[in-house]
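I opened a notebook page for this structure and set down what I looked up, entry by entry.

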Amino acid sequence: MPQLDPTTFVPQLFWLMVTFVLLYLVMWKIAIPRIGDVLQDRQKRIDSDLEKAEELKKEAQSVREAYEKLVTDGSNKAQETIRAAREKVAADALAQHASLTEKITVQTSEAENRISAAKNQALADIRTVAVEATQLAASKLIDQKISEREVEAAVSKSLDKERRS
Amino acid sequence: MAAEGHSPLAQFEIKTLIPLKLGEIDVSFTNSALFMSLTLIMVTLFLVFSMRQRALVPERWQSMAELAYEFVANLLRDTVGNEGRKYFPFVFSLFMFILFGNMLGMVPYSFTFTSHIIVTFAMAFTVFIGVTILGFVKHGFHFFSFFVPPGVSVVLWPLMIPIELISYLSRPISLSVRLFANLTAGHTMLKVFAGFIISLGVVGGILPFAFVVALTGLELLIAFLQAYVFTILTCFYINDSIHLH
């Protein structure tokens with residue numbers, strides 16, 4: 001096995017040391033700082049972009065909130081106006097209804113008074129007419145003059161009976 | 001096939017490309033050193049050139065480099081936490097080195113330096129020594145309490161402490177052998193089945209050929225997986241040294 005030949009050890013070790021130390025120095029001094037810087041810059045850039053995006057998002061959020069507040073306020077105000085108008089209309093209608101009712105009540109009672117007066121008048125007239133008619137009818141039928149008072153009593157009696165029944 | 005010089009193990013041979021001496025020490029530039037250098041160059045090119053635009057929105061190459069970075073960074077953060085940041089360059093280098101070494105090894109006719117026990121052991125041992133020193137620096141002699149599992153009665157200490165000690169000391173061995181054995185076995189198997197294609201001819205060779213295709217996919221997975229396992233175990237060891245238990 002060529003790997004176990006000790007005469008090859010020393011030159012291999014020597015060149016391993018030389019190449020590895022050189023590689024280490026190149027990595028340490030040049031390659032790693034370069035890559036590290038680039039990665040760090042990128043990370044910084046990404047972080048700042050994310051931060052900016054976060055800020056913009058917050059701004060958009062506040063604008064949106066303001067807009068929503070505006071819309072809500074407008075809506076509330078409109079509702080308020082509509083409600084006030086509706087209440088006013090309702091109140092007006094109620095007032096008109098009340099005045100109309102009062103007017104009708106007054107007119108009704110007036111009419112009732114008139115009717116009852118007319119009725120009383122009519123009843124009085126009926127009595128007079130009945131008395132006269134009875135007197136006349138009696139004089140014609142039995143040819144006898146019955147005194148007005150007598151007739152009146154009879155008619156009254158009859159009418160009261162009528163009214164009671 | 002061994003007679004033809006195409007042993008399945010021939011691919012692991014170290015060939016000296018440029019003989020070099022540093023005093024008395026043999027530091028020849030071998031095929032292993034060539035692929036370590038290629039790994040170094042490719043990782044550097046990949047990570048440095050893909051990031052040259054430093055774009056806010058990355059294109060393909062840049063996003064792959066970032067992916068590799070974040071993969072290891074997340075691994076370290078999830079296992080160690082924020083205290084692990086200091087060790088990120090080391091862990092990241094380790095991951096990229098092993099990953100590219102394994103992946104380059106998947107190229108036909110190339111050499112896989114992570115299939116050599118001495119290389120994986122050297123890396124594992126470095127990690128082991130590193131985390132041990134880290135443990136003593138962080139906790140001083142209190143670090144020895146790591147070998148005493150919490151909630152175990154004193155009676156069991158004579159049994160538990162040697163077990164914990166052995167398991168701790170065997171870490172560099174298990175870490176290095178896992179990587180070395182996986183890579184060696186995989187590449188050997190690929191070579192064996194590729195040899196069957198030739199020896200069985202056009203008709204009979206279709207079956208081993210299909211097997212080699214499937215195995216190549218599996219080996220690519222293993223190449224990544226072993227780099228990941230080596231890295232995450234390193235992270236666990238660092239975590240043990242920092243937080244104990």
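Before the first entry I fix one term: an axis here is a line fitted to C-alpha atoms, for a helix over the stretch in contact, and the angle between two axes runs from 0 to 180 degrees between N-to-C directions. The model is a predicted one.

**Entry 1: a helix pair across the chains**

I looked up helix H1 of chain A (residues 9-142) and helix H4 of chain B (residues 117-139); their axes come within 9 Å and cross at roughly 45°. H1(A) and H4(B) are therefore oblique to each other. I noted the hand of the crossing as right-handed. On the side of H1(A) the contact is made by A:Phe9, A:Gln12, A:Leu13 and A:Leu16, and on the side of H4(B) by B:Ile118, B:Val119 and B:Ala122. By class I recorded six nonpolar residues, one polar and no charged in this contact.

**Entry 2: the interface as a whole**

How many residues of chain B are in contact with chain A? I found 37 residues of chain B in contact with 29 residues of chain A. On chain B, the elements that give two or more residues to this side are strand S3 (25-26) and the helices H1, H2, H3 and H4. H1(B) supplies the largest share, 10 residues. I sorted the chain B side by class and got 24 nonpolar, nine polar and four charged residues.

**Entry 3: chain A overall**

The secondary structure of chain A comes to two helices and zero strands. I checked the extent of its C-alpha trace, which spans about 190 × 40 × 15 Å along the principal axes. The radius of gyration of chain A is 62 Å, whereas a compact globule of 165 residues would have one near 15 Å. I also looked up burial: buried residues make up 8% of the 165 residues in chain A.

**Entry 4: H2 and H3 of chain B**

I turned to a helix pair within chain B. The axes of H2(B) and H3(B) come within 10 Å and cross at roughly 125°. That angle makes H2(B) oblique to H3(B). H2(B) passes H3(B) in a right-handed crossing. H2(B) brings B:Ala68, B:Val72, B:Ala73 and B:Leu76 to the contact, and H3(B) brings B:Phe88, B:Val91, B:Phe92, B:Phe95 and B:Met96. I counted by class nine nonpolar, no polar and no charged residues there.

**Entry 5: positive phi in chain B**

I looked at two residues other than glycine with a positive phi. For B:Arg54, phi is near 45°. B:Arg54 sits in the loop between helix H1 (31-49) and helix H2 (60-79) of chain B. Is B:Arg54 partly exposed or buried? Since 13 other C-beta atoms lie within 10 Å, B:Arg54 is partly exposed.

For B:Tyr109, phi is near 70°. The place of B:Tyr109 is the loop between helix H3 (88-105) and H4 of chain B. I found 5 C-beta neighbours inside 10 Å, so B:Tyr109 counts as exposed.

**Entry 6: B:Lys191**

I found B:Lys191 in helix H6 (residues 171-204) of chain B. B:Lys191 has 18 other C-beta atoms within 10 Å and is therefore partly exposed. Leaving out residues up to four places away in sequence, B:Lys191 touches B:Pro8 and B:Gln11. I also noted that the C-alpha atoms of B:Lys191 and B:Ala10 are separated by 9.5 Å, with the two positions 181 residues apart along the chain as the count of places apart.

Conventions: Residues are numbered from 1 along each chain as its sequence is written. Chains are lettered from A and ligands numbered from 1 in the order in which they are written. This is a predicted model: local features need pLDDT of at least 70, side-chain atom pairs count only at pLDDT 80 or more; totals for chains, interfaces and linings use all residues. Helices (H or I, at least four residues) and strands (E, at least two) are DSSP runs, numbered from the N terminus. Angles under 35 degrees count as roughly parallel, over 145 as roughly antiparallel, 65 to 115 as roughly perpendicular and the rest as oblique. A crossing is left-handed if the near helix is turned anticlockwise from the far one by less than a right angle, and right-handed if clockwise. Two residues are in contact if their C-beta atoms, placed from the backbone, lie within 7 Å. Ala, Val, Leu, Ile, Met, Phe, Trp, Tyr, Cys and Pro count as nonpolar, Asp, Glu, Lys and Arg as charged, and the others, Gly among them, as polar. The radius of gyration is taken over C-alpha atoms; the globule rule is 2.2 Å times the number of residues to the power 0.38. A residue is buried if 20 or more other C-beta atoms lie within 10 Å of its own, exposed if 12 or fewer, and partly exposed in between; C-beta atoms are placed from the backbone.
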